[in-house]
Amino acid sequence: MLLERPAPAAAGPLRAVTRAPEAPGPGQLLLRIAACGVCRTDLQLCEGDLAPRKMPIVPGHQIVGRIEAVGDGVSDWRAGDRAGVAWLAGTCGVCDKCRSERENLCASATFTGWDVDGGYATHAMVRADFALRLPDAFDDLAAAPLLCGGVIGYRSLKRSAIAPGGRLGLYGFGASALITLQVARHWGCRVFVATRSTAERERARSLGAEWTGGYGDAPPEPLDAAITFAPSGDVVRAALRAVDRGATVAINAIHLDRLPEMPYEELWWERRLASVANFTRADAREFLALAAQIPVKTSFETHPLADANVALARLSRGEVDGAAVLVT
Ligand SMILES: [Zn+2]
Ligand SMILES: [Zn+2]
């Protein structure tokens, strides 16, 4: 399913095309895709909110598949192995960021479904050293939503500096927050969820949130940290107002509509705003092991690959129940 020109999701920006898969080059794997999660970033790319880096492009960066062919020089993967592929498609490996466990910040990083063709397809070509082993505890469909929403939610938890038992706010409650809440509860955190949707509030309470409300409602106690998932600067500001002195608001978004102007008092007392960019392979491995141990429950609806436009349109209208997963 190819994006040639961004357009509103309702207009169906993706077009089905047929291409023969190539043979993997050195260090690459050819995957036969079983499932690919649909992320809000895909929607932002397809609608033009996120500037394209390559066009045309096959979107999709929560890929679960099996290896069909292995390129030269790859020794740790075999044909038939199950592999996951996420947003980080490759890094340079030699810059100061790559050499200091911050490969997520590599200026030469490439991203799946943005710089290189992604998972809205039957096959994908990936770098073997960026493919991820997936725990057996998750079948193909359940594993897909872990690969972006889960991994980046986990990095957001780290960036928010929440301590075990602390009071954590989650602002917006889509696929990523659903998983993040379960990790936070596993760490014994008290979780407070703000979202517009009454259905999402109910789901948050069923997963252990002790308070839910709207973006404008103040939680009953000041929060020790918050993570925002909605791509809205106003939501970031609402979260900032809800946190205690010294607390961090981590912004889990690659694209935000804007940052509103605000009085400095709202940031004063060492409150911090932190963006969250991508993840490292170490984050992904840590999170996948933790997810299997908890075990994290993913909830998702499935669509055939050919209905990728339908899935994007449902996501844009806020109708997706948990995550959307394309099945090939
Ligand atoms: Zn994503
Ligand atoms: Zn680098």
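**Exercise 1.** In this predicted model, find which side chain forms a polar contact with the side chain of aspartate 115, and decide whether aspartate 115 is buried or exposed.

*Solution.*
1. The side chains of aspartate 115 and arginine 53 are joined by a polar contact of 2.8 Å.
2. The side chain of aspartate 115 also reaches a backbone atom, the nitrogen of phenylalanine 111, at 2.8 Å.
3. Locate the residue: aspartate 115 lies in the loop between β7 (110-111) and β8 (123-127).
4. Leaving out residues up to four places away in sequence, aspartate 115 touches Arg53, Lys54, Ile57, Ala109 and Thr110.
5. The relative accessible area of aspartate 115 is 18%. Buried means under 20%, so aspartate 115 is buried.

**Exercise 2.** Determine how helix α1 is oriented relative to helix α8, and describe the residues of their contact.

*Solution.*
1. Helix α1 covers residues 40-47 and helix α8 residues 308-316; they pack at an angle of about 100 degrees, with axes 10 Å apart.
2. Angles of 65 to 115 degrees count as roughly perpendicular, so α1 is roughly perpendicular to α8.
3. From α1, Arg40, Asp42, Leu43, Cys46 and Glu47 meet Leu312, Leu315 and Ser316 of α8.
4. Sorted by type, the contact residues are 4 nonpolar, 1 polar and 3 charged.

**Exercise 3.** Work out which strands stand at the edges of the open sheet of 6 strands.

*Solution.*
1. Write down the order, β11-β10-β9-β12-β13-β14, with parallel pairing.
2. β11 (211-213) and β14 (272-275) each have a single partner strand, so they stand at the edges, and one side of each lacks a neighbour in the sheet.
3. From one strand to the next, the twist averages 20 degrees.
4. Take one pair as an example: 4 bridges join β9 (residues 167-171) to β12 (residues 223-228), and tyrosine 171 stands opposite threonine 228 in β12.

Definitions and conventions: Residues are numbered from 1 along each chain as its sequence is written. Chains are lettered from A and ligands numbered from 1 in the order in which they are written. This is a predicted model: local features need pLDDT of at least 70, side-chain atom pairs count only at pLDDT 80 or more; totals for chains, interfaces and linings use all residues. Side-chain values use heavy atoms; hydrogens and water are left out. Axes are lines fitted to C-alpha atoms, for helices over the stretch in contact, and angles run from 0 to 180 degrees between N-to-C directions. Helices (H or I, at least four residues) and strands (E, at least two) are DSSP runs, numbered from the N terminus. Angles under 35 degrees count as roughly parallel, over 145 as roughly antiparallel, 65 to 115 as roughly perpendicular and the rest as oblique. Contact means heavy atoms within 4.5 Å. Ala, Val, Leu, Ile, Met, Phe, Trp, Tyr, Cys and Pro count as nonpolar, Asp, Glu, Lys and Arg as charged, and the others, Gly among them, as polar. Two strands pair if DSSP finds at least two bridges between them. Buried means under 20% relative accessible area, exposed over 50%, partly exposed in between (1.4 Å probe, protein chains only). A polar contact is a pair of N or O atoms within 3.5 Å; within protein, one must be able to donate a hydrogen and the other to accept it, and residues adjacent in sequence count only if both atoms are side-chain atoms.
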